[in-house]
Amino acid sequence: MANNELAEVSIDSLLKENRKFLPNKKFSENYILKDYNTYKRMYNSSIKDPKKFWEKMAATHLVFFKKWRSVFKWKDYKAEWFIGATLNISYNCLDRHVNSDRKNKAALIWEGEPGDVKTYTYQQLYSEVMICANMLKSLGLVAGDKAAIYMPLIPEAMIAMLACTRIGVVHTVVFGGFSSNSLRDRIQDSGCKILFTADGGFRKGSVVKMKEMADEALLETSTIKNVIVVKRTSEKVNMKTGRDLWWHEYSAKQAKVCEAIPLSSEHPLFILYTSGTTGKPKGLLHTTAGYLLGATVTTKYLFDIKETDIYWCTADVGWITGHSYVVYGPLSNGATVFMYEGAPTFPEPDRFWKMISDHKVTTLYTAPTAIRSFIRLGNEYPLKHDLSSLRLLGTVGEPINPEAWIWYNEVIGKKKCPIVDTWWQTETGAAMIAPFPGIMATKPGSATNPFFGIEPVILKKDGTKAKGNEGGYLCIKNPWPYMARTIYGDHDRYKKTYWKEIEGHYFTGDGAHQDKEGYFWIMGRVDDVINVSGHRLGTMEIESAAVHHPSIAECAVVGRPDPIKGQGIVAFITLKKSEKVNSHLKEDISKFIVKEIGTLARPDDIRFTEALPKTRSGKIMRRLLRELATTGVIKGDTTTLEDFSVLEKLREKDED
Ligand code: PRX
């Protein structure tokens, strides 16, 4: 529900920004589109006749086993694209390259945190994927079954994803930083039959005990029949007889060949959970043809994929960015993907820059929060390394503040790399608004223009268009091929959340405005979702977790600006009558929330209060809490507050 005022999410520095950077000439000369007018022409025709446009894109960029009967249908908020066609994603990401000159090209160059490096050619990746698909088959999985993947960022995560797609198994990747409870909830909601995990992963020099977490999650799930465990750290783990199998042992027993099976365009591809405005994360369901088309063409046009590129998107495959821009987009384009397992600053703050120089990375796609923490660490670290291989930089996940943009451009890109600021969401599947590099002038903090076939509009609550550069709700006018089709098991919630908020438009949950040149400026979320280090968290999700703590009576969570993380988490807590504040309680509550959700949900600040501000109907007035957490004072309208003495108590607490 969009219940915040837009003014609250406006970012001052973005509103005042008016610098403009023209495309780099040398880059432009080799870019796939000739000039801005070419983009405009293609864009206009894609909007005028989207079916024709996408049909042409699909025919050009994907291999189908059977052609579609019709292009698009939209009924009861259910979209279907390329109806009647069949294809296979793993075929598009592997077989077609193996059958070409790319056979011996590196598909994946991977570096582990301890410094171990592995390279897979397309042929090698293809072989591994087929063996993994045979593991799934031999365990009885068939098209439509679900598999959970809870792994460190190691090649097997990519292999498992592609193996699922080869036989039509639907994967649900759960980010390794999520807690066992979060893993449990996701497995339960999607009904996974199998879980891929590892004995552990390396992070900041320590071992993350993933198998232990997985075992804990499995105590309360009934659908998982088998667990396939990668030996990564050689940590001692419990292997449950009859359920758990070592990847290296079980894969050795498999046949080497597994044909990619033809799947219908709308065959479910993956379920990926993301936070919404309620306590329960939503399982967004993406399907085969439309999703792959979006991932493929946005990667091609926005990252200007060239045969010689070493392309590095730093996201974990547990997020949508990892799905679309570590795995499916680049592999479908036949690119060489670089992947890194560990922490960006381990063992030294220059780790990223050292790897760019060692592997001659050409394309770096990362999050503003990472850029801001690099700025804080100091320029000496990137300056120590030869970054001349870089030719394109991307950002994603949150609005980038102009200072971070300028630093990225100057210190990392040496003013020669276009910066591609991509706005999109788990729900949108792939990039929606982003500069086409080489032909569009960029403005620090603006995601600039829409991708082909995407028609963003800025609307007011009543559905009318915002005028001039007035702010409003960012919406998308029509369905597009790569959007999520539903929330798994809850199509009503899908309809209500995305298509009913402003009838007939896809509602993004973001505020935005357009400048005189039509550039889009994303101002952040307008709902009860916060963005912490580029990761989406629902305030209600944290609250629901917190209230299970035995001492807590009530909890209200709000976001406040954070110089590194974008937003930080502030939890206002009232204790049960019998409970007293003690020196350990804050830490204890923090740990409790981390155990329930994962480390990303750790509060930055916990404030105890005797009461929370509520309206007469009992609704918590988060607006006031947000104001207090952000500015330390409450100036906004308090007329609907039920008990004014609460404000005084809150203020007193703030001064403590
Ligand atoms: O608020 C927007 C922000 O991230 C949200 C989507 O989060 P998630 O589904 O986790 O996907 C993140 C990666 C695609 C959006 O609603 N966001 C994402 N990219 C940008 C952004 N905000 C501003 N600029 C961006 N480039």
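**Exercise 1. Place K414 and describe its backbone.**

Step 1. K414 sits in the loop between α16 (402–412) and β21 (419–422). Helices (H or I, at least four residues) and strands (E, at least two) are DSSP runs, numbered from the N terminus.

Step 2. The model is predicted: local features need pLDDT of at least 70, side-chain atom pairs count only at pLDDT 80 or more, and totals for chains, interfaces and linings use all residues. Residues are numbered from 1 along each chain as its sequence is written, and side-chain values use heavy atoms, with hydrogens and water left out.

Step 3. K414 is not a glycine, yet its phi is positive, about 50°.

Step 4. K414 counts as partly exposed because its relative accessibility is 38%. Buried means under 20% relative accessible area, exposed over 50%, and partly exposed in between (1.4 Å probe, protein chains only).

**Exercise 2. Treat D76 and P347 in the same way.**

Step 1. D76 belongs to the loop between β2 (70–75) and β3 (78–83). D76 has a positive phi of about 50° and is not a glycine.

Step 2. With 45% relative accessibility, D76 counts as partly exposed.

Step 3. For P347, look at the peptide bond. F346 and P347 are joined by a cis peptide bond, with omega about -5°. P347 lies in the loop between β18 (336–340) and α13 (351–359).

**Exercise 3. Build the sheet that contains β25.**

Step 1. Set the order. The open sheet has four strands, β22-β23-β25-β26, with antiparallel pairing. Two strands pair if DSSP finds at least two bridges between them.

Step 2. Find the edges. β22 (456–459) and β26 each have a single partner strand, so one side of each is left without a neighbour in the sheet.

Step 3. Add the twist. Neighbouring strands of this sheet are turned by 45° against each other on average, direction ignored. Here axes are lines fitted to C-alpha atoms, for helices over the stretch in contact, and angles run from 0 to 180 degrees between N-to-C directions.

Step 4. Join β23 (residues 472–476) to β25: four bridges, antiparallel. I476 has Y506 as its bridge partner in β25, and G472 has A512.

Step 5. Join β25 to β26 (residues 520–525): five bridges, antiparallel. Q514 stands opposite F520 in β26.

Step 6. Close the hairpin. Five residues separate β25 and β26, and G518 in the turn has a positive phi of about 85°.

Step 7. Check burial. In β25 (residues 506–514), eight of the nine residues are buried.

**Exercise 4. Which residues touch the most other members of the largest nonpolar core?**

Step 1. Define the set. A nonpolar core is a set of buried Ala, Val, Leu, Ile, Met, Phe, Trp, Tyr and Cys residues joined through side-chain atoms within 4.5 Å.

Step 2. The largest core has 122 residues, and F82 and F436 touch the most other members.

Step 3. List contacts (heavy atoms within 4.5 Å). Leaving aside neighbours within four places in sequence, F82 is in contact with residues including W54, F64, W68, A289 and L293.

Step 4. A second, separate core has 40 residues, among them L195, A214, W246 and A571.
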